[in-house]
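User: I have a structure to go through and some short questions about a few residues. Can we start?

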Amino acid sequence: MTTLQKGDKAPDFKVKNENGEIVSLSDFKGKKLVLFFYPKASTPGCTAEACNLRDNYETFKEKGYDVLGVSADSEKRQTNFKTKNELPYSLLADEEKEVINAYGVWGPKKFMGREYDGIHRTTFIIDENGIIEDVISKVKTKDHTAQIL
């Protein structure tokens, strides 16, 4: 799917989060970032992944990481997802798919024999200088923290 790989410069972005605030990659300069893309807020797999990262959020902070989730959901849907699951990090409402396309995670998928376009669950680990340290494309939703750290 994505052509981005370890060592590449992470594409910059400016997109609204669940509160309508503009968030950009440059906001995280000097910090490491876990940027995770998920197909749809409040679905079982996405909830498992988001909650696994939530449950380990303090560990991420201790290791100098910030966490940021991205999907094509609306601000309202992201707010509901964040509130319902008590997520301590921001969620980008990338309805125009600017970040999704920049990171190359949109494309053909198959589910129960049906083909359609959607977001491929992918996580990018970005260092303090905006360089991609790792790309995780085979995400284990219930144990994603272990894959990252």
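Analyst: Below are answers on single residues, with the terms explained as they come up.

User: What kind of model is this, and how are residues numbered?
Analyst: This is a predicted model, in which local features need pLDDT of at least 70, side-chain atom pairs count only at pLDDT 80 or more, and totals for chains, interfaces and linings use all residues. Residues are numbered from 1 along each chain as its sequence is written, and side-chain values use heavy atoms, with hydrogens and water left out.

User: Where is H144?
Analyst: H144 is in helix α5, residues 144-148. Helices (H or I, at least four residues) and strands (E, at least two) are DSSP runs, numbered from the N terminus.

User: Is H144 buried or exposed?
Analyst: H144 is buried, at 0% relative accessibility. Buried means under 20% relative accessible area, exposed over 50%, and partly exposed in between (1.4 Å probe, protein chains only).

User: What is H144 in contact with?
Analyst: Leaving aside neighbours within four places in sequence, H144 is in contact with E49, N52, L53, T123, I136 and V139. Contact means heavy atoms within 4.5 Å.

User: New topic. Where is K110, and is K110 buried or exposed?
Analyst: K110 lies in strand β6, residues 106-111, and is exposed at 62% relative accessibility. Beyond neighbours within four places in sequence, K110 is in contact with E115 and Y116.

User: What about phi of S42?
Analyst: Phi of S42 is near 70 degrees, a positive value in a residue other than glycine. S42 sits in the loop between β3 (32-37) and α1 (44-55) and is partly exposed, at 37%.
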